[in-house]
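The exercises below are meant to be worked through with the sequence and the structure in view. Try each task before reading its solution.

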Amino acid sequence: MSDIALLPAVSAFLARDHGLYIHGEQVASQASARLTVHNPANGQAIAQIADANQADVDRAVDSARQGFASWSRTSPAARARVLLRLADLLEAHREELAQLETLQSGKLIGIARAFEVEQAAHFLRYYAGWATKITGQTITPSLPSFAGERYSAFTLREPVGVVAGIVPWNFATMIALWKLASALTTGCSIVLKPSEFTPLTLLRIAELGSEAGLPPGALNVVTGAGHVGKALVEHPGTDKVSFTGSVPTGIAVGQAAMGAKLTRATLELGGKNAVAFLPDVGLDKAVDGIIEAGFLHSGQICAAGERFYVHRSRLEPLLEALCQRLGQLRIGSPLDEATQFGPVANKPHQQKLAELFATARAEGNRILHGGRLGDGPGCFVEPTVILANQASDTLLNQETFGPVATFLPYDHEDELLHLMNASPYGLSASLWTNDLAKAMRLIPQIQAGTLWVNMHTLLDPAVPFGGIKASGIGREFGSAFIDDFTELKSVMMRY
Ligand code: ADP
C-alpha cells in the first residue's frame, strides 16, 4: 500500500505565506518571528507560521470586541443558520481538511476524516440547535410585600463576551470547533490560538467561517507559541478563557485568568484515567476494550485510559493476548489508508515518552511489549504494555498521553475502588463487566467526570464532558456548556 495523493488545494495551502486571521481576512503578523510546522511522520518542514506578538493579539481582541457587538445582536435563528452552513462547508472540504490535519499531526487519515471533520460537523450542528433554546426563568420573589406592592423577577442568559479559545495539538481541528461552536451559538465572539505544532487547519476553517456568513471579528485566529495564549488570557479585552491542554499549563492559565480580572475559565485538562476489568469479562472483549481505551490515536486523547486494573486471576492470559494483538498492528505512514498505527504528534512528545520508558525500566517495571522509539526521522513510538510493581510507580501516576498501557493486578473490589480513586485527577474512567447490578453499585463510588461502562473514549455532543479534581473546571457539550459561556442576569420589578 502507499500514501494517498495530496489534493492540489492542500499543496497550494501549504505553499502560502501564512498570516493570522483577523476581522474576516488573512493579515500579515506584525511580528517578524516565524515558527516551522513539521510533518511528524517524516520530520519534514511543511509550513512556516507567524509567532504573533502583543500588537497582533491586541488587534485580534479589538476585532473580537467589534465582532461581539454585532454577533451578540444577531438573532439566535440567524446564528444557528451560520453554524449549520459552516458544518456543510466542513463536509464539502472534508478531504482537504483531513489531509492538512494528518500532515500537521500524524493522525491516521481515516481518523482525521471521521473525527476531525465528520464528527466535528455533527457537533457543530448539535451546538447550532442550542442557539434557539437558550432561556432564563421566571421567578416569583419569596418575601412578603411591605405595603401591598408586588414583585416579579426573571433571569436572562447573556453571552459572556470575547472568548479566548486555546487549543492543544491532539485534536487540533475538532477541539477548536467545539470551542468555536460553544462561543458562537451563545452569541460570544472568539479568538482561537491553535497549538504551535498544529495551526494549519484553523487558518483554513476561519476562511470557511467567513464564507458561512460570520461577521468580521466573530472568529479570529492568532498563531504562535505559548506566549500568545498567555497574552490572550491576560488581555483586558478578553472575558472568558476556554482552554484544553496539559495540567501544568491549565493551572497556570486558570491562575492567570483569575489574577487578571476574575476572567471566567473553562479548563479541560488531562488526567490518569483508570480502566477496570471485573473478572467476568471475556478475554477478547477485554483486549478490544484495552485497545479502544488506550491505543486509539496512539493514546493521545485526554480521556484515554492509562491505568489498567485487571483481576489477578485474569492478568497473565490477558496480557499475552494483548501483546499478540498489538504485534499484528500495521505501523506506518498516516497517509496510507492501510496503516493502523502511526507516529505520535511531535518530537518533544516522542522524547517525553522515551524518558518515561527509561523511568519504567529504572523502577523495575516489566515492559511486555514495545517500549522503544521507531527508527528514522518520524516520531514513531511502539505501542507499549507495561506491568507495574505497585501503585506508586511513575507509570501509574504520570500522564503519558501516548500509546502506553500500564497494568496492575487487584484481588478485591474494595482494593480496586481504592486504586481507581487514589489519583489527583478525575477526567474519565471505565468499568468493564457483564454484571449490570454490580456496575450500578460501583458507579457512584468511582471518582470521574465521565464514567463509561463497557466502552471508553466515545464523546457525544449531547453528553456533558469535563473533569473533576485536577482534571479541570467546567463542562463541554449537552446543555452544560451554556452555563460556562453565558452570564446569568437577574431582573426584579416592582409594580
Ligand atoms: P500540549 O501542547 O502538550 O497539549 P500545553 O498545555 O502546553 O500542552 O498546550 C496547550 C495549548 O496552550 C497550546 O496552544 C499552547 O501553545 C498553549 N499554551 C502554552 N503555554 C501557555 C500559557 N502560559 N498560557 C496560555 N496558553 C499557553
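A residue is called buried when its relative accessible area is under 20%, and exposed when that value is over 50%. Keep in mind that the model is predicted.

**Exercise 1.** Decide whether Thr339 is buried or exposed, and place Thr339 along the chain.

*Solution.* Begin with the position: Thr339 belongs to the loop that runs between α11 (315-327) and α12 (347-362). Next take the relative accessible area, which is 9% for Thr339; because buried means under 20%, Thr339 counts as buried. Finally, look at Ile109, which is 230 residues away from Thr339 along the chain, although their C-alpha atoms are separated by 9.0 Å.

**Exercise 2.** Find where the ligand sits, and state which elements give two or more residues to the shell around the ligand.

*Solution.* The ligand is found in the largest pocket. The elements that give two or more residues to its shell are α8 (226-233), β10 (240-244) and α9 (247-261), and α8 gives the most, with 3 residues. Sorted by kind, the residues of the shell comprise 8 nonpolar, 7 polar and 3 charged.

**Exercise 3.** Describe the polar atoms that face the ligand from Glu196, Trp169 and Lys230.

*Solution.* Start with Glu196, where a side-chain N or O atom is 2.7 Å from an oxygen atom of the ligand. Continue with Trp169, which has a polar side-chain atom 3.1 Å from an oxygen atom of the ligand. Then turn to Lys230, where a backbone N or O atom lies 3.4 Å from a nitrogen atom of the ligand. As a last step, consider the cover: of the 550 Å² of accessible area that the ligand has on its own, the protein covers 79%.

Notes. Residues are numbered from 1 along each chain as its sequence is written. This is a predicted model: local features need pLDDT of at least 70, side-chain atom pairs count only at pLDDT 80 or more; totals for chains, interfaces and linings use all residues. Side-chain values use heavy atoms; hydrogens and water are left out. A polar contact is a pair of N or O atoms within 3.5 Å; within protein, one must be able to donate a hydrogen and the other to accept it, and residues adjacent in sequence count only if both atoms are side-chain atoms. Accessible areas come from the Shrake-Rupley method with a 1.4 Å probe; for residues, only the protein chains shown count as cover. On a 1 Å grid over the protein atoms alone, a cavity is a set of points where a 1.4 Å probe fits but cannot get out, and a pocket is an open set with protein on both sides within 12 Å along at least five of seven lines; lining residues have an atom within 4 Å of a point. A molecule sits in a cavity or pocket if more than half of its atoms lie within 2 Å of its grid points. Helices (H or I, at least four residues) and strands (E, at least two) are DSSP runs, numbered from the N terminus. Ala, Val, Leu, Ile, Met, Phe, Trp, Tyr, Cys and Pro count as nonpolar, Asp, Glu, Lys and Arg as charged, and the others, Gly among them, as polar. Buried means under 20% relative accessible area, exposed over 50%, partly exposed in between (1.4 Å probe, protein chains only).
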